Amino acid sequence: MALSSSAKRRWLAGGLLFGVCTALALLSSAGAYVSGAGMDQPVPLGPLLRQEFKDWYACGVLWIPVLWFCGRNPLESGHATRWVLRHLAAACAFSVLYVTLISWLVAGERSIMNPGQILTFSYLMKKMAFHYFVPNLIMYWMLVCGHLGWDYYQRYREREVQAAELQRELVEARLDALRMQLNPHFLFNTLHAISALIHEDPEAADRMVARLSELLRLSLDQSKPQQVPLSEEMAFLDRYLEIECTRFGERLKIEKQVEPDTQTALVPFLLLQPLVENAIRHGIEPRAQGGHVAIAARRHNGLLELRVRDDGAGLPRGAGAPARQGIGLSNTQSRLRHLYGGNFRFELADLPEGGLEARIAIPYHTEATTA
């Protein structure tokens, strides 16, 4: 039968306690044996080991209730005095129990220093009660301080985990809000295209409605992760492009150059659609003869590089990039920042041969990551 996690922790703690007591008994025995090596009558090793192991194993047994008591009486703000008084009383009780237990375990054995003497319970109680009182108090408070330090460490770790979880939830909430802002952006444009075609080409309008329903189902799916494989993002983009190709007809030419090893790379969901929409809206739509949109993806130097290029007029001279960076591209940049921090590149650049290229470089990975 498999042990539960709590049972495994108890067994691990018990094994650790046993190992610590064994090591301390061996070290204490070695120290006492070496100290008595120069005496006229060497310390007998057998009785020394027996008494030291009894001593430290008795300590280990008594450490368990001490640690339990520490857990039941944590140091709380405003109650330090009561906490100290409780532990002072417990320290005295620990010393009495320790002396009693050791005296009972060792009683009947021969004295190490005087082999002719048989140690009795009453003799041991009288001798150890005085000599071991202060060391026992020190040992008790060492245990308390150790437990207190461990408790503070555990609380610190819990706060770190909680802070990380809250940060993750905050990032997820921001990303969800940014993603939902993209949906109305292309929805209104598509509905406008459908209304323009519904009387001129009802079949084309019907196909656009079917594709639009698929797009809405996918984009509004709350179970969708923030990052999906590029192949899935391209499948979503194909539905959008089918709508736009129906709308523009032969005026719109699409080219794809997606390297096979990029298909499994994770990208933010709905990353490419606003880039392509921006290219079509500003690069193709204003031109009577239409134009060409190219989508490319490649892996380079540990990065996934994505490019969307059109052969339109490019950026307006003197106006700068913001003239073509509407809500779709602004939200795309915000999503990239939330997901990757500063570890990404996003830029719009005029091409020498004419047109505009949107360039994105993000870390290449196949397992979901957050900033």
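A salt bridge, as I use the term today, is a side-chain nitrogen of Lys or Arg within 4 Å of a carboxyl oxygen of Asp or Glu. Under that criterion, Arg307, Arg309, Glu347, Glu357 and Arg359 are linked in a network of salt bridges. Please bear in mind that the model before you is predicted. Over the whole structure, a search finds 12 salt bridges, and I shall discuss a few of them.

Let me begin with the network, and with glutamate 357 in particular. Its side chain meets that of arginine 307 in a salt bridge, at 2.9 Å from N to O. This pair links distant parts of the chain, since glutamate 357 belongs to strand β7, residues 356-363, and arginine 307 to strand β5, residues 303-310; they are 50 residues apart. Glutamate 357 also forms a salt bridge with arginine 309, where the closest N and O atoms are 3.8 Å apart. Arginine 309 lies in strand β5 and glutamate 357 in strand β7, so this contact ties together parts that are 48 residues apart in sequence.

Are these side chains buried or exposed? Glutamate 357 has a relative accessibility of 6% and counts as buried, because the cut-off for that class is under 20%. Arginine 307, at 30%, is partly exposed, and arginine 309, at 27%, is likewise partly exposed.

I turn now to the strands themselves. Seven of the eight residues of β7 are buried, which means that the strand is largely enclosed by the rest of the structure. With which strands does β7 pair? Strands β5 and β7 run antiparallel and are joined by eight bridges; within this pairing, leucine 304 has isoleucine 362 as its bridge partner in β7. Strand β6, residues 345-350, also pairs with β7 in the antiparallel sense, over six bridges. Here aspartate 350 is partnered by leucine 356 of β7. The hairpin of β6 and β7 has five residues between the strands, and glycine 354 takes a positive phi near 105 degrees.

Finally, I draw your attention to another salt bridge, between aspartate 238 and lysine 256, whose closest N and O atoms are 2.2 Å apart. Aspartate 238 sits in helix α7, residues 230-248, and lysine 256 in strand β2, residues 252-258, so the pair connects parts 18 residues apart in sequence. Both partners are partly exposed: aspartate 238 has a relative accessible area of 33%, and lysine 256 stands at 41%.

Notes: Residues are numbered from 1 along each chain as its sequence is written. This is a predicted model: local features need pLDDT of at least 70, side-chain atom pairs count only at pLDDT 80 or more; totals for chains, interfaces and linings use all residues. Side-chain values use heavy atoms; hydrogens and water are left out. Helices (H or I, at least four residues) and strands (E, at least two) are DSSP runs, numbered from the N terminus. Buried means under 20% relative accessible area, exposed over 50%, partly exposed in between (1.4 Å probe, protein chains only). Two strands pair if DSSP finds at least two bridges between them.
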